[in-house]
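This report describes selected features of one protein model for a reader new to structural work. Please examine the sequence and the structure before reading on.

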Amino acid sequence: MATAQRGRLRVIGVDPGLTRCGVGVVDVAPDRSARLVYVGVVRSAPDARIESRLATIATGIREVLEEHSPDVLAVERVFAQNNRSTVMGTAQASGVALLLAAERGIPAATHTPTEVKAAITGYGSADKRQVQTMVARILRLDELPKPADAADALALALCHAWRGRAVATAATGRLTPAQRAWADAERLARR
């Protein structure tokens with residue numbers, strides 16, 4: 001039985017990177033409460049060939065997908081950076097995650113770092129420590145998720161579950177009052 005059919009939405013978040021690719025899985029209820037299912041980092045050797053590094057990342061994400069059967073995948077949307085090699089590696093790792101979601105027939109979404117920070121901390125320019133702290137609070141963890149890539153993956157998953165109708169539609173077909181307020185705020189921001 002899919003998690004969404006039990007009233008919760010299971011989301012895998014992927015913070016793409018070639019050296020460290022954060023992967024986090026959370027279950028989110030219609031009332032926006034969340035529970036940690038899995039968190040980790042897939043690492044690839046910086047001196048390995050690009051195809052080997054991408055294969056390593058694919059294997060790591062694939063294992064998490066198979067073990068935890070998420071309903072949806074959320075990945076960080078690649079944005080322009082000054083360092084082209086960094087943005088290329090991030091884009092390639094992001095593409096691997098999106099491909100794996102497509103192969104499994106699960107929906108995938110992308111979110112910008114600013115969207116994620118705003119959803120988790122209320123402030124789109126929050127720093128890594130603030131995101132880690134809020135993720136730990138939301139998931140009721142005894143310590144901050146580390147490294148930051150792992151916390152970012154969990155933040156991506158939470159952001160996706162909280163945005164729009166993701167949890168309500170999957171669980172009940174209705175929006176909670178908090179989700180209605182969020183949807184209203186998003187509509188106003190687009191004007």
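S94 has a relative accessibility of 5% and therefore counts as buried, a term for under 20% relative accessible area (over 50% is exposed, in between partly exposed; 1.4 Å probe, protein chains only). The model is a predicted one, in which local features need pLDDT of at least 70, side-chain atom pairs count only at pLDDT 80 or more, and totals for chains, interfaces and linings use all residues. Residues are numbered from 1 along each chain as its sequence is written, and side-chain values use heavy atoms, without hydrogens and water.

S94 lies in helix α2 (residues 84-104); helices are DSSP runs of H or I with at least four residues, numbered from the N terminus. Apart from neighbours within four places in sequence, S94 contacts P16, V75, E76 and V78, where contact means heavy atoms within 4.5 Å.

Two cysteines are also buried, as the table shows alongside S94.

| Residue | Relative accessibility | Class |
|---|---|---|
| S94 | 5% | buried |
| C21 | 0% | buried |
| C159 | 0% | buried |

A disulfide is a covalent bond between the sulfur atoms of two cysteines. With a disulfide taken as a pair of cysteine sulfur atoms within 2.5 Å, the count is zero.

Helix α4 (residues 128-138) packs against helix α5 (residues 148-162) at about 60 degrees, with axes 9 Å apart. α4 is therefore oblique to α5, oblique being any angle that is not under 35 degrees, over 145 or from 65 to 115. On the α4 side, K128, V131, Q132, V135 and I138 meet residues of α5 including L154 and W162.

Technical notes
Axes fitted to C-alpha atoms, helices over the stretch in contact; angles between N-to-C directions. Helix = DSSP H or I, 4+ residues; strand = E, 2+ residues; numbered from the N terminus.
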